[in-house]
Amino acid sequence: MAIERTLSIIKPDGVERNLIGSILKRFEDAGLKVAAARLSHLSQQEAEGFYAVHSERPFFGELVEFMTRSPVFISVLEGENAILRNREIMGATNPAEAAEGTIRKDFAKSIGENTVHGSDGPDTARDEIAYFFPSSQVYGG
Ligand code: ADP
Ligand code: MG
């Protein structure tokens, strides 16, 4: 199986509620390693650029406002099938549809404030990691 890297963000609602440790524990318990990490209070420009693929969606303004409300915890997770594994641990976008035991089922308040972001495929993972971390600051194997 392939060792992959993926980008994870603990969104403002997660950081505000002191959930960084609880969420990282789920990743680590699943065998994913933290290969880079930092807190960052995103600017409007950074959030708009990160979510540019959604710029035509009706919720875009609300999403950017939410993501810039307070600091986020951005990390690179590394491990076997890290991209899909992270998405499984996160659960469905809408917490009402998320499986039992997932982060979004247990912690998310709404489809907008859904506590975590995770890259959805190899191309987005590569681009999203590069958006936030120079390769010299990613310490995986
Ligand atoms: P995911 O984060 O699961 O990959 P998407 O890429 O579809 O989901 O959407 C990006 C983010 O936009 C979601 O995580 C959520 O914060 C927000 N979002 C998605 N759909 C809606 C919606 N219908 N209303 C409000 N916010 C939404
Ligand atoms: Mg997405």
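A residue counts as exposed when its relative accessible area is over 50%, as buried when that area is under 20%, and as partly exposed in between. With these words in hand, we can walk through this structure, which is a predicted model.

A good place to begin is helix α4, which spans residues 60-67 and in which Phe60, Leu63, Val64, Phe66 and Met67 are buried. Looking down the axis of α4, one finds these buried residues within an arc of 160 degrees, so they line one face of the helix. A general rule helps in picturing such a pattern: an α-helix has 3.6 residues a turn, so residues three or four places apart point the same way. On the face of α4 that is turned away from the buried side sit Glu62 and Glu65, both of them exposed. The buried residues, for their part, are covered by elements that include strand β1 (3-10), helix α1 (12-16), helix α3 (44-50) and strand β3 (72-80).

Strand β3, one of the elements that cover α4, can be followed further through one of its residues, Ser75. With a relative accessibility of 1%, Ser75 counts as buried, and, leaving aside residues up to four places away in sequence, Ser75 touches Thr6, Leu7, Ser8, Val34, Ala36, Ala37 and Phe133.

Helix α3, which also helps to cover α4, leads to the aromatic rings, where 4 pairs are counted in the model. In one of them, the rings of Phe50 and Tyr51 have centres 5.0 Å apart and planes at 80 degrees, and because planes over 60 degrees apart count as edge-to-face, this pair is given that name. Phe50 and Tyr51 are both buried. Phe50 also pairs with Tyr131, the ring centres being 6.0 Å apart and the planes at 50 degrees, so this pair is tilted. Since Phe50 belongs to helix α3 and Tyr131 to helix α7, the pair ties together parts that are 81 residues apart in sequence. The two partners can also be described by their accessibility: Phe50, at 9%, counts as buried, whereas Tyr131, at 38%, is partly exposed. Taken together, ring pairs link Phe50, Tyr51, Tyr131 and Phe132 into a cluster.

We can now turn from the atoms to the space between them. The largest pocket has a volume of about 760 Å³, and of the 30 residues that line this pocket, Lys11, Tyr51, His54, Phe59 and Leu63 are the closest to its centre. Two of these names have appeared already, since Tyr51 belongs to the ring cluster and Leu63 is one of the buried residues of α4. The elements that give two or more residues to the lining are α3, α4, α5 (82-90), β4 (116-118) and α7 (122-132). Sorted by class, the lining holds 10 nonpolar, 9 polar and 11 charged residues.

Finally, the backbone deserves a look, with the general expectation that most residues other than glycine have a negative phi. Asn81, in the loop between β3 and α5, has a positive phi near 50 degrees although it is not a glycine. Thr115, in the loop between α6 (103-107) and β4, likewise is not a glycine and has a positive phi, of about 75 degrees. As for their surroundings, Asn81 counts as partly exposed at 28% relative accessibility, while Thr115, at 0%, counts as buried.

Technical notes
Residues are numbered from 1 along each chain as its sequence is written. Chains are lettered from A and ligands numbered from 1 in the order in which they are written. This is a predicted model: local features need pLDDT of at least 70, side-chain atom pairs count only at pLDDT 80 or more; totals for chains, interfaces and linings use all residues. Side-chain values use heavy atoms; hydrogens and water are left out. Buried means under 20% relative accessible area, exposed over 50%, partly exposed in between (1.4 Å probe, protein chains only). Helices (H or I, at least four residues) and strands (E, at least two) are DSSP runs, numbered from the N terminus. The arc is that of the directions from the helix axis to the C-beta atoms. Contact means heavy atoms within 4.5 Å. On a 1 Å grid over the protein atoms alone, a cavity is a set of points where a 1.4 Å probe fits but cannot get out, and a pocket is an open set with protein on both sides within 12 Å along at least five of seven lines; lining residues have an atom within 4 Å of a point. Grid points are joined across faces, edges and corners, and a volume is the space filled by probe spheres set on the points. Ala, Val, Leu, Ile, Met, Phe, Trp, Tyr, Cys and Pro count as nonpolar, Asp, Glu, Lys and Arg as charged, and the others, Gly among them, as polar. Rings of Phe, Tyr and Trp (its six-membered ring) pair if their centres lie within 6.5 Å; planes under 30 degrees apart count as stacked, over 60 as edge-to-face and the rest as tilted.
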